[in-house]
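Reader: Hey, could you walk me through some of the charged pairs and a helix contact in this one? I'm new to reading structures.
Author: Sure, have a look first and then we'll go through it.

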Amino acid sequence: MKVLVLVDGEHYPPVTRWGIAAVRARGHEVLGALLVGGAEKLPAGGAPDLGVPTRIAGADARGALAAALDELRPEGVVDLSDEPVLGYRERMELASVVLARGLPYLGADFRLDPPVAGPPMPVPTVAVIGTGKRTGKTAIAGELARVAAATGRSPVVVAMGRGGPPEPQVAPAGSVTLERLLELVRAGEHAASDYLEDAVTTGVTTIGARRAGGGLAGAPYVSSVRPAAELAVRMGAGLLVLEGSGAAVPPVPWDAGVLVVPASVNPEYLGGYLGPLRLLLSDLVVVTMALGPAGHENLPTLRSHVRRLRDDARLVATVFEPLPLGDVRGRDVFFTTTAPAPVAADQAERLAEAHGCRVVGWSARLADRAGLAEEMEAAPRYDVLLTELKAAAVDVACDLALRRGAEVVFCDNRAIALEGEPDLRGELERTIGLAERRFDERR
């Protein structure tokens, strides 16, 4: 493998040359070296003689690494540097630069492979990824699909999940009903998989895929995303929307990316670890649930990380507005959600105000089957169960509601940009356009 080696000035040059010789002995062709910092053991002035072309990174190690990769076109990077020149966070930032270009990053006791690999799809492709579980990826992917459909682009959503179907499963637009979901439960299948929620809330065709495991850089250990994406292409998709799962990213290349980050996230998950990789793979950052103390405290730091790591990415701070997918006006409603309790309480108030219903109770324990059942069984009489299509929505919430003679109405989460923020729909359409331009360039 043709490689670029990263070196530092905390090693004496003869020792670094010894290390480079060991890299060659392991079968790699060394194209050059990048000195990422440190000067304690270097001769005064200039680059050390390491037996290979050597450049000095200077103050901007990330930028210098990116430039070296673009110029030398290596097949991988071998890191011969060490702490303190590269601390834990700094090393992960450089690893992110390498992985974002589809190259492996190797060191003394590790190898990180890029999470996205293989040939690109033969249609424009947008990925919606996140920093973890329950960030709002499905809501944002759904909004992107609606924007694409409204502009005549024939989108198909491919959603991977830990509860996805054994083989890629198509949910044609308009085909997912409550009865169909109950049939899935009776068959022992997961009836609240993201592709089903996408089908219910977007009105477009979706395909379910599954994945198991998640690597440090976001690669699933195994997934069925590529055959699902290929199926979408055969079905005539004009735009492919790939929806990630938790912190795992779709392993199929995309033309443009959207990163969904909850305002409550530990900022280190974006600026540290391999959070920078997810930023480098994205063109639009959507911060969700940005009202309240968490948004007030974290949003400036999240903006700072985006500017530092990907200054050409756009950012939109949003809040979720619950939207019943049926008429609940004048009805007594019990509301179930996976949102944190403070968010659920606020959403219950907004449902009553905006949709004219009486929310007689709510539960934020939709992902806790035992807790959800306990709260629903203790609820006062209600006419309608209003629920997100997530977690235990069908096998517990809908089952209990129907036993009580209540109707079921599903609820979507629609992201609304905060005052003073860019228009979310406009930014999503801009991202779709970017994917289409990049697709044209790579054809």
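**Salt bridges and a helix crossing**

Author: Let's start with arginine 381, which forms a salt bridge with aspartate 332; the closest N and O atoms are 3.2 Å apart. Keep in mind that this is a predicted model.

Reader: Ok, and where do arginine 381 and aspartate 332 lie?
Author: Arginine 381 is in the loop between α12 (369-377) and β18 (384-387), while aspartate 332 is in strand β16 (residues 332-336), so the pair ties together parts that are 49 residues apart in sequence.

Reader: Is arginine 381 buried or exposed?
Author: Arginine 381 is exposed, at 55% relative accessible area. Its partner aspartate 332 has 13% relative accessibility and counts as buried, because the cut-off for buried is under 20%.

Reader: Why would two side chains like that pair up anyway?
Author: Side chains of opposite charge can pair when their charged atoms come close.

Reader: Cool. How many salt bridges are there?
Author: The count comes to 35.

Reader: Show me another. What does arginine 365 pair with?
Author: Aspartate 368 forms a salt bridge with arginine 365, with the closest N and O atoms 3.0 Å apart. Glutamate 375 also forms a salt bridge with arginine 365, and there the closest N and O atoms are 3.3 Å apart.

Reader: And where do glutamate 375 and arginine 365 sit?
Author: Glutamate 375 lies in helix α12 and arginine 365 in the loop between β17 (358-363) and α12, so this pair ties together parts ten residues apart in sequence.

Reader: What about accessibility for those three?
Author: Aspartate 368 is partly exposed at 31% relative accessibility. Arginine 365 is partly exposed too, at 31%, and glutamate 375 is partly exposed at 28%.

Reader: Switching topic: how do helices α4 and α14 cross?
Author: The axes of α4 (residues 137-150) and α14 (residues 424-442) come within 9 Å and cross at roughly 70 degrees. The two helices are therefore roughly perpendicular to each other.

Reader: Which residues make the contact?
Author: From α4 there are Ile140, Glu143, Leu144, Arg146, Val147, Ala148 and Ala150, and from α14 there are Leu424, Arg425, Leu428, Glu429 and Ile432.

Reader: What classes of residue are those?
Author: The contact of α4 with α14 has eight nonpolar residues, four charged ones and no polar ones.

Reader: Back to salt bridges for a sec. Which residues are linked in a network?
Author: Glu143, Arg146, Asp412, Arg414 and Arg425 are linked in a network of salt bridges. You've just met some of those names: Glu143 and Arg146 of α4 and Arg425 of α14 are among the contact residues.

Key
Residues are numbered from 1 along each chain as its sequence is written. This is a predicted model: local features need pLDDT of at least 70, side-chain atom pairs count only at pLDDT 80 or more; totals for chains, interfaces and linings use all residues. Side-chain values use heavy atoms; hydrogens and water are left out. Axes are lines fitted to C-alpha atoms, for helices over the stretch in contact, and angles run from 0 to 180 degrees between N-to-C directions. Helices (H or I, at least four residues) and strands (E, at least two) are DSSP runs, numbered from the N terminus. Angles under 35 degrees count as roughly parallel, over 145 as roughly antiparallel, 65 to 115 as roughly perpendicular and the rest as oblique. Contact means heavy atoms within 4.5 Å. Ala, Val, Leu, Ile, Met, Phe, Trp, Tyr, Cys and Pro count as nonpolar, Asp, Glu, Lys and Arg as charged, and the others, Gly among them, as polar. A salt bridge is a side-chain nitrogen of Lys or Arg within 4 Å of a carboxyl oxygen of Asp or Glu. Buried means under 20% relative accessible area, exposed over 50%, partly exposed in between (1.4 Å probe, protein chains only).
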